[in-house]
Amino acid sequence: MIGIMCAMVEELEPILEQVEVKDKIHHGNNTYYLASFDNKDIVLAYSKIGKVNAAITATAMIEKFGVEKLLFSGVAGAIDEDLKIGDLIVATEVCQHDIDLTVFGYKHGFIPESQIFFDCDSNLINIAEHVADKLGIKLKKGIIASGDQFVHSKEKKEWIKEVFGASAIEMEGGAVGCVTWNYQVPFFMLRAISDTAEEGAGVDFDAFLEESSKVSAKFLLEMLKEI
Ligand SMILES: Nc1ncnc2c(CN3C[C@H](CCSCCOCCO)[C@@H](O)C3)c[nH]c12
């Protein structure tokens, strides 16, 4: 079983429209869609915004639905200057920029018995690169940082870039990476840029959420054919 996660309903809808939904299961205030696509069994859900909601859904995908790999599709704010609205980025690693135990001598993003960065699955990243080559689509790879805040400040995004080396910013991937690391389940995350995470990002986000969600969804569905 393959798990497909999004944070917002707008990110999930363009995927749901293209798969054959067989059943809907309500669990933990989420709706899980059991479906098939390209003769593969998949379970899909949107978690709602933020790291806690994302962790709930990722854990249920593994514990209740037994997914063997978890793929995330959605939008993100750009940190790297070469990322423009509508561009795709695949996470090589994810982290949580709002974890701060530095007073105890730990680095930003670190919690004891855990780690700052969580690797994404190299096999799935390779498939993404193969699909991008086949379709002639530009696909960036980089670290994606998560935190429970919508970043709309150049100063904040530059700090996240300096401390974590992140190329993009969002609010769920770091939590899903932590869950999949703890359960040793392969994790893949694809995001399309919706804004620049600077002043005025909220306006861009509202304007480009739907369009960028479709960009990510379309690519993810192409990837599903190769898995
Ligand atoms: N700059 C940015 N900073 C952090 N995250 C992101 C992301 C990625 N997703 C979008 C959404 C944040 C928007 S909350 C919208 C509230 O509802 C608005 C009406 O629907 C959350 O799920 C994270 C895109 N640009 C970002």
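Mentor: In this predicted model, a strand is a DSSP run of at least two residues and a helix is a run of at least four. With that in mind, look at β7 (118-119) and α5 (173-183).

Trainee: Why is β7 (118-119) called a strand?

Mentor: Its run covers 118-119, so β7 meets the minimum of at least two residues for a strand. Both β7 and α5 supply at least two residues to the lining of the second largest pocket, and α5 gives the most, with three residues.

Trainee: What makes a residue part of that lining, and which residues line the second largest pocket?

Mentor: A lining residue has an atom within 4 Å of a grid point of the pocket. Among those of the second largest pocket are Q115, F118, D119, G177, T180, W181 and F187. By class, its lining has six nonpolar, four polar and two charged residues, and about 170 Å³ of space lies in this pocket.

Trainee: Where does the ligand sit?

Mentor: The ligand sits in the largest pocket, which means that more than half of its atoms lie within 2 Å of the grid points of that pocket. About 250 Å³ of space lies in the largest pocket. Of its 19 lining residues, the closest to the centre are V75, F150, E170, M171 and F205.

Trainee: How do you know that V151 makes a polar contact with the ligand?

Mentor: A backbone N or O atom of V151 lies 2.9 Å from a nitrogen atom of the ligand. The cut-off for such a pair is 3.5 Å, so the V151 pair counts as a polar contact.

Trainee: What makes E172 and D195 count as well?

Mentor: Set their values against that cut-off. A polar side-chain atom of E172 is 2.7 Å from an oxygen atom of the ligand, and an N or O atom in the side chain of D195 is 2.6 Å from a ligand nitrogen atom. Each pair is within 3.5 Å, so E172 and D195 also make polar contacts with the ligand. The protein covers 78% of the 590 Å² of accessible area that the ligand has on its own.

Trainee: How many residues surround the ligand, and which are the closest?

Mentor: There are 18, the closest being V75, V151, E170, E172 and D195. They belong to the shell because each has a heavy atom within 4 Å of the ligand. The elements giving two or more residues to this shell are β5 (69-78), β9 (166-170) and β10 (187-195).

Trainee: What classes of residue make up the shell?

Mentor: It has 11 nonpolar, three polar and four charged residues.

Note on methods. Residues are numbered from 1 along each chain as its sequence is written. This is a predicted model: local features need pLDDT of at least 70, side-chain atom pairs count only at pLDDT 80 or more; totals for chains, interfaces and linings use all residues. Side-chain values use heavy atoms; hydrogens and water are left out. A polar contact is a pair of N or O atoms within 3.5 Å; within protein, one must be able to donate a hydrogen and the other to accept it, and residues adjacent in sequence count only if both atoms are side-chain atoms. Accessible areas come from the Shrake-Rupley method with a 1.4 Å probe; for residues, only the protein chains shown count as cover. On a 1 Å grid over the protein atoms alone, a cavity is a set of points where a 1.4 Å probe fits but cannot get out, and a pocket is an open set with protein on both sides within 12 Å along at least five of seven lines; lining residues have an atom within 4 Å of a point. Ala, Val, Leu, Ile, Met, Phe, Trp, Tyr, Cys and Pro count as nonpolar, Asp, Glu, Lys and Arg as charged, and the others, Gly among them, as polar. Grid points are joined across faces, edges and corners, and a volume is the space filled by probe spheres set on the points.
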